[in-house]
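Thanks for coming. I will go through one structure today, mostly by way of its side chains, and I will keep it plain.

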Amino acid sequence: FWLKVCVCIRHCANTFQMSRRFLFRPFLPERACWLCPRTLWLPSVPACSNTRAFQTIAERLGAEGEADGQKPRAVVTVVLPVGLPGMGKSSLLERLYGRLRDMARSSFRQGVLDTEGTPSFESVALLSSDTFAGEALSKRGFTAASCPEAVFSRCRREATQNFRDKTEDFLKLAEAEAARDCTEQDSSGQHILRFLLILDKNFPPDGIRREVETLSSIAPSCELQFKALLLVADAVPSVSDQMEELEARQYGAWQYPWSPEELLESAARLLLRSDHATLGRDATAVHILLSFLKLYRQQRLSGDAFGVEWVRVPYMSLDAKLTSWASMRSDSQSTWRRMEARALMRDALRVLKPFAAIPGPAVAALTAYLSQGLTSPSDTDLHQHADRCVADLLATLLDWKQKQEVVLPVRYVSLSVEGHHHALCRVLSLASEAMCGDADAFLTFQRPPMLHATTLYVAGRAQKQELTRSVQLHEAAATFECTVTHVVCVPGALCFAVVDDEALRSLGVPLAQRAHITLCTRIPWKPRHANDVLEAVASHLQDSESRWWRELRVAETLMDVFVYRLDDALRLPDNPLELH
């Protein structure tokens, strides 16, 4: 009994100590709640009612913070390439680094001091993920062609960690150098240190946004300016409209940001290349190329990360003198061979299993077809073309005075309709009963935490002015009415409500995509799959009656879809814009 009493007394004493630690925190002024780690010499702890003492503390911290603003600061320009394997990312960045190395006070390659030159700016660093992976393979006595899958995966993880560590080391170096004096000053008298960080890595569609968020958190005291280099072709050989129409009729519309000719040229370059650290020169390299391409399906480039300046770099040339595949010419025979290669590539994409260990027969057929027309362009012509691109790019990268916008932690904007939860549940029951006679057919499905209709998806298609307008409406606490016209049900998969887009636009809602409200899903289906279904049924929403659509093509599959048309449109008033 007395042991229990002692334990209870000890617990009460600990609770009292913790309560004393946080007792006065709710009463502190907002600025004094987040005290900096400095020593403040006070005669005694001020009382909660002594607002004058707290005001003195706040003014003292504010004065020291303003003094800190005059310390030297670092401006780091981060270069992020956006392209597929074979488009020349590493070649472009290597040439760019070679030009910048002669202009920097110090340069670093793979985290190691390379040279020291004239001080046009402080430092430039080049970090290559593939080079780190190649070093890890060589250390174990393997090459990309002879390495077992388990060892290759281990080397990839090691390379990723080295890449991240060296990136953090360079940013920490910039922060440390900013604490020292510098001769260059801007108009306000602040000391400016300039740095350039070049990251050679294959970024997935949302990789730029995630890289921006990660680097911003690593070096909060640095001013980071992000410039994404979008690698494209200077000119793409054209084909007749009739051929394009026949191809679209058989395979559907092309749903990738790069043209088929750019993909064929990249594949041909991979097949000619023999010195890559992680890719061979066979069907495996083409399989990796198409796997990365799959990630960009239905993605729109040059607008997926707010605060990033996008620069189009026509580094890939499809000119007859510079191409690696002989059928890029404009004569009729080359055009037919190009269309045959495009058909083989479409077939390979249709059955592709991204990043599988063994390429499929369709990829092997495409590789064999491309291998018949490989050609090596002149080194002199390639160097001249590359030098022109790098010279044009240097002017953009060294534009120090250009201010970048603040990177906002916003992924998407939506209209919150959670307040109409019960009304939407009733509509779902009506659609379910009309579909199969059971109002509870979707009862066991998973419901979203908050019902909403996405208006802007920042990581994919949102324009900068639309996002800015959405932020203004959110800060103004504006609300809007949305109207539900249809409910779309996919048995065993998902169900969502279709919102009237024109009504939203007429009310001033910045809208960059078809709005809908995901009502429920079943694993492995996710709310984002409702976008594919909505795109497939968009042309059928004009029908005056509810009906089934059997074997409807949704993305690359055939599905049975039931479209329920509401007799009277459901109006949902007073829905605020939310930022996520």
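**Cysteines, charges and one helix**

Let me start with Cys155, which counts as buried because its relative accessibility is 1%, and buried means under 20%. Keep in mind that this is a predicted model.

Staying with cysteines, how many disulfides does the count come to? The count comes to 0 disulfides. Take Cys436 as a case. The closest cysteine sulfur to that of Cys436 belongs to Cys489, and it lies 8.5 Å away, too far for a bond, because a disulfide needs the two sulfur atoms within 2.5 Å. Cys436 has a relative accessibility of 45%, so this residue counts as partly exposed.

Next, charges. Side chains of opposite charge can pair when their charged atoms come close. In this model the count comes to 20 salt bridges. I will show three of them.

One is between the side chains of Glu158 and Arg140, with N to O at 3.0 Å. Glu158 sits in helix 6, residues 149-178, while Arg140 is in the loop between helix 5 (129-139) and helix 6, so the pair links distant parts of the chain, 18 residues apart. Are these two buried or exposed? Neither word fits: Glu158 is partly exposed at 22% relative accessibility, and Arg140 is partly exposed at 30%.

Another salt bridge pairs Arg550 with Asp560, where the closest N and O atoms are 3.5 Å apart. This one links strand 13 (residues 547-554), which holds Arg550, to strand 14 (residues 557-579), which holds Asp560; the two residues are 10 apart in the chain. Arg550 counts as exposed, because its relative accessibility is 54% and the cut-off is over 50%. Asp560, at 32%, counts as partly exposed.

The third pair is Glu247 and Arg346, whose closest N and O atoms are 4.0 Å apart. Glu247 belongs to helix 8 (residues 241-251) and Arg346 to helix 11 (residues 332-351), with their positions 99 residues apart in the chain. Both Glu247 and Arg346 are buried. This pair is also part of a network: salt bridges with shared partners join Glu244, Glu247, Glu261, Arg338, Arg342 and Arg346.

That brings us to helix 11 itself. Helix 11 has 20 residues, and from its first C-alpha to its last it reaches 29 Å, close to the 28 Å expected at 1.5 Å a residue. Which residues of helix 11 are buried? Among them are Ser334, Arg338, Ala341, Arg342, Met345, Arg346 and Leu349. An α-helix has 3.6 residues a turn, so residues three or four places apart point the same way. What covers the buried residues of helix 11? The cover includes helix 8, helix 9 (260-272), helix 10 (283-295) and helix 12 (361-371).

Last, a single histidine. Where is His420? His420 lies in the loop between strand 8 (412-416) and helix 14 (421-436). With a relative accessibility of 17%, His420 counts as buried. Its side chain reaches the backbone oxygen of Pro573 at 2.7 Å. Setting aside neighbours within four places in sequence, His420 is in contact with Leu572, Pro573 and Asn575.

To recap, look at two places when you open the model: the charged network that includes Glu247 and Arg346, and His420 with its contacts to Leu572, Pro573 and Asn575. That is all from me.

Technical notes: Residues numbered from 1 in each chain as written. Predicted model: local features only at pLDDT ≥ 70, side-chain atom pairs only at ≥ 80, totals over all residues. Heavy atoms only, no water. Helix = DSSP H or I, 4+ residues; strand = E, 2+ residues; numbered from the N terminus. Buried < 20%, exposed > 50% of the residue type's maximum accessible area, 1.4 Å probe, protein only. Polar contact = N/O pair within 3.5 Å; in protein donor to acceptor, adjacent residues only side chain to side chain. Contact = heavy atoms within 4.5 Å. Expected span 1.5 Å × (residues − 1).
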